[in-house]
Amino acid sequence: MRLAWEPLYSVFISMIVLFKQGCDASVLLDDTSSFTGEKSAGPNANSLRGFDVIDRIKSKVESICPNTVSCADILAVAARDSVVALGGPSWSVPLGRRDSTTASLSSANSDLPGPSSDVSGLANAFSSKGFTLREVVALSGSHSIGQATCRFFRNRIYNENNIDSSFKASLQANCPRSGGDFNLSPLDTTTPNTFDNVYYKNLQNQKGLFHSDQVLFDDGSTKAQVNSYVTNPLSFRTDFANAMVKMGNLSPLTGSSGQIRKICGRVN
């Protein structure tokens, strides 16, 4: 089951990455002679996957309705539908986005908060895009699904104390102190194939995979919200869906801006 759903995980996670610049499908562009794309950025390389899924969807859409549906809209809808398919909430996806004609490796490297971020770092990164701390905690629930490479959680499992001992041992078995940088672990090791609120229960039990996950429970400014999502899963689903709608409205290209790419990996 894990391998079957992996493209859906990746499509969804790519929606989260787009918050750095807005929903313009820049992350889908391959490198060109004039710019280096975002696929090789630190947060994305060997992490984001499922680009072939978007390519197949785009090809089928183009054959039926050419030059009409953008890659950005396809990505936004696929993100929503992936969450729904895995048991999560649905939300309305406004359509009409257009695609960017360039990408920014430097922005991809600098704007997305990393797995070692503390709460203040997360808050600052998201507030620059207009998100509240409550929305940060809700969007962190995206880690209910997906996988991470060893390089992103190695420091936590070998150098931090706020981690369950058995959980730590199981991760160390697959993520040695050196080597195995791209070995994978589910972001939620309890229910990795279901979009639910167990991610927050894991934090209560010191089983957050990233430092940036576990601090949400350890920090007094966000702990109460983590606890509320455990006791009231409907609240999490509602907050998450609303935050995704907000994310989907981050500076989209519309009207005559950008273009509708025929192939998502390259400019027309």
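**Entry 1: helix 6 and helix 11**

I began with a crossing: helix 6 passes helix 11 in a right-handed way. A reminder to myself is that this is a predicted model. Next I looked up who touches whom. From helix 6, the contact uses Leu-133, Arg-134, Val-137 and Ala-138, and from helix 11 it uses Gln-225, Val-226 and Tyr-229. I sorted these residues by character and got five nonpolar, one polar and one charged.

Then I turned to the geometry. Two packed helices are described by the angle between their axes and the distance between the axes. Helix 6 covers residues 133-140 and helix 11 covers residues 223-231; their axes come within 10 Å and cross at roughly 45°. Helix 6 is therefore oblique to helix 11.

**Entry 2: helix 6 and helix 12**

I stayed with helix 6 and asked myself: at what angle does helix 6 pack with helix 12? The angle is about 105°, and the axes are 9 Å apart, with helix 12 spanning residues 233-248. Angles of 65 to 115 degrees count as roughly perpendicular, so helix 6 is roughly perpendicular to helix 12.

I noted the partners here too. Helix 6 brings Arg-134, Glu-135, Ala-138 and Leu-139 to the contact. Helix 12 brings Ser-235, Phe-236, Asp-239, Phe-240, Ala-243, Met-244, Lys-246 and Met-247. By character, the residues of this contact divide into seven nonpolar, one polar and four charged. Looking back, I see that Arg-134 and Ala-138 are listed in the contact with helix 11 and again in the contact with helix 12.

**Entry 3: aromatic rings**

How many aromatic pairs does a search of the whole structure find? I counted nine. A pair of aromatic rings is described by the distance of the centres and the angle of the planes.

I picked out Phe-126 and Phe-131, which sit edge-to-face, 6.0 Å centre to centre and with 85° between the planes. Phe-126 counts as buried at 8% relative accessibility, and Phe-131 counts as buried at 4%.

I also wrote down Tyr-199 and Tyr-200, an edge-to-face pair with 4.9 Å centre to centre and 80° between the planes. Both of these tyrosines are buried. They belong to one aromatic cluster, together with Trp-91, Phe-195, Tyr-229, Phe-236 and Phe-240. I was pleased to meet some familiar names there: Tyr-229 is in the contact of helix 11 with helix 6, while Phe-236 and Phe-240 are in the contact of helix 12 with helix 6.

**Entry 4: positive phi**

I looked up two residues with a positive phi. Ala-25 has a phi of about 60° although it is not a glycine. Ala-25 is placed in the loop between helix 1 (2-17) and helix 2 (51-64). Is Ala-25 buried or exposed? Ala-25 is buried, with a relative accessible area of 0%.

Gln-206 also has a positive phi of about 60°, and again it is not a glycine. Its loop runs between helix 9 (198-204) and helix 10 (211-218). Gln-206 counts as partly exposed, at 32% relative accessibility.

**Entry 5: Ser-104**

Last stop for today: where is Ser-104 found? I located Ser-104 in the loop between helix 3 (71-85) and helix 4 (105-111). Ser-104 has a relative accessible area of 15%, and buried means under 20%, so Ser-104 is buried. I then checked Ser-104 against Lys-39, which is 65 residues away along the chain, and found 9.9 Å between their C-alpha atoms.

Key:
Residues are numbered from 1 along each chain as its sequence is written. This is a predicted model: local features need pLDDT of at least 70, side-chain atom pairs count only at pLDDT 80 or more; totals for chains, interfaces and linings use all residues. Side-chain values use heavy atoms; hydrogens and water are left out. Axes are lines fitted to C-alpha atoms, for helices over the stretch in contact, and angles run from 0 to 180 degrees between N-to-C directions. Helices (H or I, at least four residues) and strands (E, at least two) are DSSP runs, numbered from the N terminus. Angles under 35 degrees count as roughly parallel, over 145 as roughly antiparallel, 65 to 115 as roughly perpendicular and the rest as oblique. A crossing is left-handed if the near helix is turned anticlockwise from the far one by less than a right angle, and right-handed if clockwise. Contact means heavy atoms within 4.5 Å. Ala, Val, Leu, Ile, Met, Phe, Trp, Tyr, Cys and Pro count as nonpolar, Asp, Glu, Lys and Arg as charged, and the others, Gly among them, as polar. Buried means under 20% relative accessible area, exposed over 50%, partly exposed in between (1.4 Å probe, protein chains only). Rings of Phe, Tyr and Trp (its six-membered ring) pair if their centres lie within 6.5 Å; planes under 30 degrees apart count as stacked, over 60 as edge-to-face and the rest as tilted.
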